[in-house]
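Thank you all for making time this morning. I would like to walk through one structure, beginning with a sheet, moving on to the contact between two chains, and ending with a few local details.

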Amino acid sequence: MFLRALTLLGLSALCIYLFVTAPPPLPEEGKAGAGTTIPMEQAFAVLAAENDEARRLWTQEIVGAGKKVGLSFDEDWEREEVEAGPLPALFLKETARQMQRMSTDLTFFLGSDAPIKEANRFEGQQALEFAEIRATGEPQFFEDTEHQDQVAMFPDVASAAACVSCHNDHVDSPRDDWTLHEVMGATTWTYPAKAVSLEELLQLTEIYRASTRGAYERYLEMAASFEDPPVIGDQWPRDGERVLPSADAFMEAVDRAVSSATVLKLFDLARADR
Amino acid sequence: MDQPLNSGSSDPLASAPLNGAGEGVGERVCRSQAPARGLEGWSSRKDRRKVGYRIGAVFGAVFLVVFSWGDDGQVLAKGPANPGHEALECADCHDPAEGTVRQQVQAAVAFGLGLRETPPAVGRLPVSNRVCMDCHERKADLHPTHEFTEPKYFEERKEIAADQCITCHKEHSGRHVANTGQFCSTCHSDLGAIDKPIQPTHPELVAGERWDTCMRCHDYHGNHVREAPRTLGEAFDGRTVLRHLDSGAPLYGEKREPASGERTR
């Protein structure tokens with residue numbers, strides 16, 4: 001009898017401990033917090049738009065203009081003996097690597113159905129979704145049910161003549177008939193949640209930007225070790241000299257180019273959730 | 001003076017009540033001798049309850065001792081540290097889980113009752129790639145873990161979870177690499193198409209399923225200066241490779257880019 005009473009007392013105390021005087025529950029991973037809830041498709045679209053601008057800036061303002069003032073960009077840019085920066089696809093790959101260093105489940109990749117490197121060829125569901133992108137030009141979304149990951153694929157378009165000529169001329173390229181503005185591949189984004197809060201989306205955007213900055217800083221670090229290092233400061237290669245913008249200047253330009261659209265999109269998403 | 005429990009020629013247990021309801025010498029004998037009689041002697045509810053309490057008390061005591069042992073880690077560690085990790089403290093890799101113990105228990109109970117979709121981390125967080133990369137980050141890696149999280153590697157991840165450092169570098173195994181390094185077939189079984197001037201050729205090695213030879217020439221992470229040899233004769237022998245996987249003994253020579261926190265052997 002005594003033992004039963006003791007057991008009952010213990011269970012009651014446990015229930016009070018766990019539920020009645022409970023502290024705030026732990027946030028659940030993969031579930032949006034309180035406040036505005038943004039479907040992951042929309043969140044991916046915000047991130048992809050940020051990436052488009054950073055990529056455009058790198059391709060046109062650093063690679064395109066940089067080549068005209070004597071800077072080199074090479075697929076072997078990571079080799080110590082090569083004094084060059086990453087080609088656009090490799091800059092994106094470096095951004096993805098920088099993202100891995102942070103505590104985030106957000107990942108992104110660049111692939112194609114006709115890649116220069118075979119490892120970048122789409123397979124399985126990604127190949128099917130990319131066929132749809134090629135046909136419609138529209139981004140595609142699906143769920144990796146096994147890993148509970150939300151997946152988005154956004155078209156990657158040949159935005160500069162250099163994209164086309166480089167891929168057409170490359171010895172390992174399976175195609176030599178790429179044309180300007182053609183969909184050459186797609187970025188694939190994954191995140192293990194169906195929705196995020198506004199704050200979480202801001203954090204993901206911050207993570208993306210920090211990754212872009214990390215990739216650019218790595219290039220600057222390597223450029224500083226060139227035998228004839230370019231001057232790093234406020235000037236851009238378009239100014240006609242063999243110079244590079246500092247990381248702050250580069251990220252400011254990204255900021256100027258995309259922040260207005262990002263903020264407007266966030267307002268739209270907040271309104272749509274009300 | 002107490003009566004001797006086993007005095008006399010007759011077995012006192014034979015006459016002692018076994019249901020626990022009796023009093024006096026017979027009952028004392030029954031309880032004190034119970035372990036010698038196996039489970040039959042514990043058939044009464046009271047006895048079983050007592051045994052249960054004692055087991056609970058022992059487990060409780062062990063639990064308290066283990067968790068109040070401090071941060072030495074020798075008691076809780078699943079096994080010996082991997083080569084090079086001997087000096088690490090538990091907390092160097094095992095970050096504390098989010099929230100207080102009470103919040104964690106609460107979330108675990110909520111998960112058990114179906115009030116929460118995902119189980120919380122209790123005590124410490126699982127060791128993630130980021131923890132490994134705090135010391136072992138490589139700017140150039142031939143097989144960076146994050147690339148294997150791409151959806152197209154779904155089937156490969158089921159076979160070998162190359163998206164996690166700990167799949168190969170399983171900690172507390174006392175080994176540098178906790179497998180035999182013959183997993184290349186998962187992704188590279190189409191190497192037959194690669195035509196490089198080596199002997200034997202890649203197609204021949206693939207046809208012969210010589211997956212034991214890959215690491216004799218190639219460094220998985222590609223973080224060593226050494227170039228791959230052109231013949232298997234110039235390559236390391238299998239035993240040397242296995243010794244390297246086991247002990248972490250240097251194999252491929254100078255590292256291309258030692259990370260800041262990584263010890264150069």
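Before I describe the sheet, let me fix one term: two strands are said to pair if DSSP finds at least two bridges between them. Please also keep in mind throughout that what you see is a predicted model.

With that rule in hand, chain A shows an open sheet of 4 strands, in the order E2-E5-E4-E3, and the pairing is antiparallel. At the edges sit strand E2 (107–111) and strand E3 (140–144) of chain A, each of which pairs on one side only. If direction is ignored, neighbouring strands of this sheet are turned against each other by 25 degrees on average. As general background, strands of a sheet pair through backbone hydrogen bonds, either parallel or antiparallel.

Looking inside that sheet, strand E4 (residues 149–157) and strand E5 (residues 183–191) of chain A are joined in the antiparallel sense over 8 bridges, and A:Pro155 stands opposite A:Ala186 in E5(A). Across E2 and E5 of chain A lies helix H3 (residues 88–100) of chain A, which runs at about 160 degrees to E2(A).

Let me turn now to the interface, where 35 residues of chain B are in contact with 42 residues of chain A. How much area do chain B and chain A bury between them? The computed value is about 3,300 Å², with 51% of it on carbon and sulfur atoms.

As for specific pairs, there are 4 salt bridges between chain B and chain A. One of the salt bridges in the model is formed by B:Glu137 with A:Arg101, whose closest N and O atoms are 2.9 Å apart. The rule for polar contacts finds 8 residue pairs across the interface of chain B and chain A, both residues being at pLDDT 80 or more.

Which helices of chain B each supply at least two residues of the side that touches chain A? They are helix H3 (45–67), helix H5 (101–112), helix H6 (129–136) and helix H7 (154–159) of chain B, and the largest share, 7 residues, comes from H5(B). By class, the residues on that side of chain B divide into 11 nonpolar, 8 polar and 16 charged.

Over all chains, the structure holds 27 salt bridges. Among them is the one in which the side chains of A:Arg134 and A:Asp113 meet, at 3.0 Å from N to O. Because A:Arg134 lies in helix H4 (residues 124–136) of chain A and A:Asp113 in the loop between E2 and H4 of chain A, this pair ties together parts that are 21 residues apart in sequence.

Another place in chain A to look at is A:Gly233, which is in strand E7 (residues 231–233) of chain A. A:Gly233 and A:Pro245 are 12 residues apart in sequence, yet their C-alpha atoms are 5.1 Å apart in space. Leaving out residues up to four places away in sequence, A:Gly233 touches A:Leu244, A:Pro245, A:Ser246 and A:Ala249.

Finally, there are two backbone details to report. Most residues other than glycine have a negative phi, and most peptide bonds are trans. A:His181, in the loop between helix H5 (161–169) and E5 of chain A, has a positive phi of about 70 degrees although it is not a glycine. In chain B, a cis peptide bond joins B:Gln199 and B:Pro200, with omega about -10 degrees, and B:Pro200 lies in the loop between helix H9 (185–188) and helix H10 (202–207) of chain B.

Note on methods: Residues are numbered from 1 along each chain as its sequence is written. Chains are lettered from A and ligands numbered from 1 in the order in which they are written. Side-chain values use heavy atoms; hydrogens and water are left out. Contact means heavy atoms within 4.5 Å. Buried area is the accessible area (1.4 Å probe) that two parts lose on being put together, summed over both. A polar contact is a pair of N or O atoms within 3.5 Å; within protein, one must be able to donate a hydrogen and the other to accept it, and residues adjacent in sequence count only if both atoms are side-chain atoms. Ala, Val, Leu, Ile, Met, Phe, Trp, Tyr, Cys and Pro count as nonpolar, Asp, Glu, Lys and Arg as charged, and the others, Gly among them, as polar. Axes are lines fitted to C-alpha atoms, for helices over the stretch in contact, and angles run from 0 to 180 degrees between N-to-C directions.
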